[in-house]
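Subject: Structure for you to look at

Dear colleague,

Please find the structure below, followed by some notes on what was found in it. I would be glad if you read the notes with the model open beside them.

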Amino acid sequence: MKRIISIFLVALTTLCAQASTTLPLQGTVIRPTDTNIQYVGRICFDNPERPRFTFPGTQINVCFTGTSIKLWGKPHSGYYMAKVDDAQPFKVSLMGERDSVVTIAAALPQGAHTLRLMYVIEGYELKPDFRGFILDKGATLLPPPALPQRTIEFIGNSITCGYGNEAIVASDPFEYETENHYLTYAQLTCRALDAVAHVVARSGIGVYRSYGGPKAGTPENVMTTEYEYTNLYDRSERWDFSRYQPQLVCINLGTNDLSTNNYDVRLLKAAYQRFLKQVRGHHPKAKIVYLCGSMLNGKELEIARRTLNEVVGEAQKQGDKEVYRFDFTPQTGDIQYGASWHPSKWQHQKMAAELTAYLRSLMQWF
């Protein structure tokens, strides 16, 4: 009987999360300033009542009492993955043009519950903000769940974002509906290692030249520029790196630099070197791993691997002994492609298994 009740609650929770509606704010309104809300990721608090964020992987976690919880956020601002207690995670939509309140869970048993909420798309066009939670009348927040002690930062492009990983046809275009960062190699690796991550990633971005850019590069639109700010395409606030000092930084860049036959390998190498110094300057104690793959192949894959090997080897000779290299197995389509020939969710699982094994050994995270 207990199992049947649990299945019913998960089904009800999922059904509620798919039906967004703007409701009167009845119940206990929890403001974003509540100290029992746990935030993870690059979030701008210039307006404390409406924290803003654009990077996938941003988390808002709480423990609460009562039987239900609703999310209050900006209408038409994207998708989240929600995990209530130990139930299976499910997708939450805030894509309605006017809807700002969505029920995440209802009909829960009385008592204490945990909600882990993750923004799972790139939000620089939709510009999401968080406006609070709504609980049952008289319900309260409790101290938030403890975060893992192991900390990672993932820096990347569309692969790290999860571009098209829920699509099933390679020719599909980009759609927010099929991008799910929760299912990427980055988050799968985090969960396997019991780690928490900040994510700085955007589709199309390069280290010296973003997708389709001129051979000379796109200096105003690359990761070396965007990395310094809290939100993408919003340079109103420089990120305070003291807010998060990861033990490990994984950099997965270069695919867009080499994606069209209009690149300069010398400029790419110089940009890799500058970015390594930039990241090291902000994270002096972290291990830094330059990743390669899994979308490149042939000549471009050889260039990327050779260039990264040179950059890391030279950095180590110059005294930075905590810089490393790791190559994903290139995808072949044998476990399908996502949209626009990006990694499928199954390819992400394969990537996560490879990276998890490597990082477990590197970090001694057993």
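Since accessibility comes up repeatedly below, a residue is called buried under 20% relative accessible area, exposed over 50%, and partly exposed in between, with a 1.4 Å probe and protein chains only. This is a predicted model, in which local features need a pLDDT of at least 70 and side-chain atom pairs count only at pLDDT 80 or more, while totals for chains, interfaces and linings use all residues. Residues are numbered from 1 along each chain as its sequence is written, and side-chain values use heavy atoms, with hydrogens and water left out.

On confidence, the chain averages a pLDDT (the predictor's confidence in each residue, from 0 to 100) of 93, and 93% of the residues score at least 70. Among the elements, which are DSSP runs numbered from the N terminus (helices H or I of at least four residues, strands E of at least two), helix H1 (residues 2-18) has the lowest mean pLDDT, 38, and strand S15 (residues 248-252) the highest, 99. Over residues 1-23 the pLDDT is below 50, although this stretch has 37 contacts (heavy atoms within 4.5 Å) beyond near neighbours in sequence.

One open sheet has four strands in the order S1-S9-S4-S7 with antiparallel pairing, where two strands pair if DSSP finds at least two bridges between them. Strand S1 (28-30) and strand S7 (101-105) stand at the edges with a single partner strand each, so one side of each is left without a neighbour in the sheet. Within the sheet, S4 (residues 69-73) and S9 (residues 130-135) pair over five bridges, and leucine 71 has phenylalanine 133 in S9 as its bridge partner.

The count of salt bridges (a side-chain nitrogen of Lys or Arg within 4 Å of a carboxyl oxygen of Asp or Glu) comes to 15. One of them joins arginine 42 to glutamate 153, with the closest N and O atoms 4.0 Å apart; arginine 42 is in the loop between strands S2 and S3 and glutamate 153 in strand S11, 111 residues apart. Arginine 42 counts as buried at 2% relative accessibility, and glutamate 153 also counts as buried, at 1%.

Another salt bridge is formed by lysine 269 and glutamate 310 (3.1 Å, N to O). Because lysine 269 lies in helix H5 and glutamate 310 in helix H6, the pair ties together parts that are 41 residues apart in sequence. Here lysine 269 is buried at 18%, whereas glutamate 310, at 32% relative accessibility, counts as partly exposed.

With best regards
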